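Subject: The structure you asked for

Hi,

Here is the structure, ready to open in your viewer. Have a look at it first, and then read on with the chain in front of you.

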Amino acid sequence: MVGYEKRGKDATIRLQVNSLKLSFGKVACLNDVTFDVKEKEILSIIGPNGAGKTSIMNCISGFYKPDSGSITLMGKEIANERPDRIAEMGISRTFQNIQLYTGLTTLDNIMAGRHLKMNRGFLSNGLFWGRTRKEEKEHREVVEEIIDFLDLQELRKHVVGALPYGKRKVIELGRALALEPKLLILDEPMAGMNFEEKEDMARFIIDIFEGQKRGVNSEILMNGIGSIIFIEHDMDVVMDIADRIVVMDFGMKIAEGPPEEIGNNSKVIEAYLGAEL
């Protein structure tokens, strides 16, 4: 896997999750979960199936409304905001189960991620003139850069429903990047992939995080992304690219720390890993 130097510990807090509780009927999904995500940090959330990882992601992105607790993005409370509003504020995500428009092409799916950045009025959009035409061209240029970055050039006009699973995972990442978020949430981005596909995805994540390209229109590809949260079951990947790890079990946080500390934590080993890494 790709290795890199871990970031410092004293960065500004970008996202704060505090005392989060969520239940469905009498079933408690999250119980007093607290953690933060720092600027320029990759945070991984791990735990057994059903531990509450995706529920946390759904609360942060607005798909679930927590029973209590707070979620703040750069000091602004977002726990009760709509998903589209949260996306406008700079949070983008991928899903554990791929959520693409299967009847559309790769290009069209990634263009859909630019929707919230399109500011023209109804009339100019309908007639496709003036500023609308220029704006469409600008958005298309960013999307083409993302397609090139993710090595999807040959698939740009292919209908995504006919593509292999691994490629669809990459396309969903591309759509999330098209929003050019400040915080990117990745829910099991490597699930179902073979070793080579995981290697590529890990490389994409690190390059996205750090910013690798110059002379492009995409802010993400040029300057990197603010922060990343990702859920992943492949512990080799987690230990290699995460700065910090939050460990969940039965809806509660049981550990938090750098990879080397988590790999030797007896509670984590008992609940999830099964053996020392």
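Below is what turned up, going from the sheets to the aromatic rings and then to a pair of helices. Bear in mind that this is a predicted model.

Let's start with the open sheet. Four strands make it up, in the order β2-β1-β4-β5, and their pairing is antiparallel. Which strands stand at the edges? They are β2 (27-38) and β5 (76-77); each has a single partner strand, so one side of each is left without a neighbour in the sheet. The link between β4 (residues 68-73) and β5 consists of two bridges, and here you will find Leu73 opposite Lys76 of β5.

Helix α1 (residues 53-60) packs on this sheet, where it touches β1 (13-24), β2 and β4. The direction of α1 makes about 65° with that of β2. How much of α1 is covered? Mostly it is: seven of its eight residues are buried. Those are Lys53, Ser55, Ile56, Met57, Asn58, Cys59 and Ile60, so don't be surprised to see a lysine on a list of buried residues, by the under 20% relative accessible area cut-off. Just after the helix comes Gly62, with a positive phi of about 90°.

Now for a second group of strands, around β7 (residues 183-187). Five of the five residues of β7 are buried, so this strand is largely enclosed by the rest of the structure. Leu183, Ile185 and Asp187 point one way, while Leu184 and Leu186 point the other way. What does β7 pair with? Three bridges connect β7 to β6, and these two run parallel; Arg93 has Ile185 of β7 as its bridge partner. Strand β8 (residues 227-231) also pairs with β7 in the parallel sense, over five bridges, and there Leu186 is matched with Phe230 of β8.

On to the rings. There are three aromatic pairs by count. One of them is Phe63 with Phe95, which is edge-to-face, at 5.6 Å centre to centre and with 75° between the planes. Phe63 belongs to the loop between α1 and β4, and Phe95 to the loop between β6 (91-93) and α3 (106-112), so the pair ties together parts that are 32 residues apart in sequence. Phe63 itself is partly exposed, at 45% relative accessible area.

Another pair is Phe149 with Phe204: the ring centres are 5.8 Å apart and the planes are at 50°, so this pair is tilted. Phe149 comes from helix α5 (residues 130-149) and Phe204 from helix α7 (residues 195-210), so parts 55 residues apart in sequence are tied together here. Are these two rings buried or exposed? Phe149 is buried, with a relative accessible area of 9%, and Phe204 is buried too, at 3%. While you are looking at rings, check Phe209 as well: Lys40 lies over its face, at 4.5 Å from the ring centre.

Phe204 turns up again in the helix packing. Helix α6 (residues 165-178) packs with α7 at an angle of about 10°, and the axes are 11 Å apart. That angle makes α6 roughly parallel to α7. On the α6 side the contact is made by Gly166, Lys169, Val170, Leu173 and Leu177. From α7 come Glu197, Met201, Phe204 and Ile208.

Cheers

Note on methods. Residues are numbered from 1 along each chain as its sequence is written. This is a predicted model: local features need pLDDT of at least 70, side-chain atom pairs count only at pLDDT 80 or more; totals for chains, interfaces and linings use all residues. Side-chain values use heavy atoms; hydrogens and water are left out. Two strands pair if DSSP finds at least two bridges between them. Contact means heavy atoms within 4.5 Å. Axes are lines fitted to C-alpha atoms, for helices over the stretch in contact, and angles run from 0 to 180 degrees between N-to-C directions. Rings of Phe, Tyr and Trp (its six-membered ring) pair if their centres lie within 6.5 Å; planes under 30 degrees apart count as stacked, over 60 as edge-to-face and the rest as tilted. Buried means under 20% relative accessible area, exposed over 50%, partly exposed in between (1.4 Å probe, protein chains only). A charge sits over a ring if NZ of Lys or CZ of Arg is within 6 Å of the ring centre and within 35 degrees of the ring normal. Angles under 35 degrees count as roughly parallel, over 145 as roughly antiparallel, 65 to 115 as roughly perpendicular and the rest as oblique.
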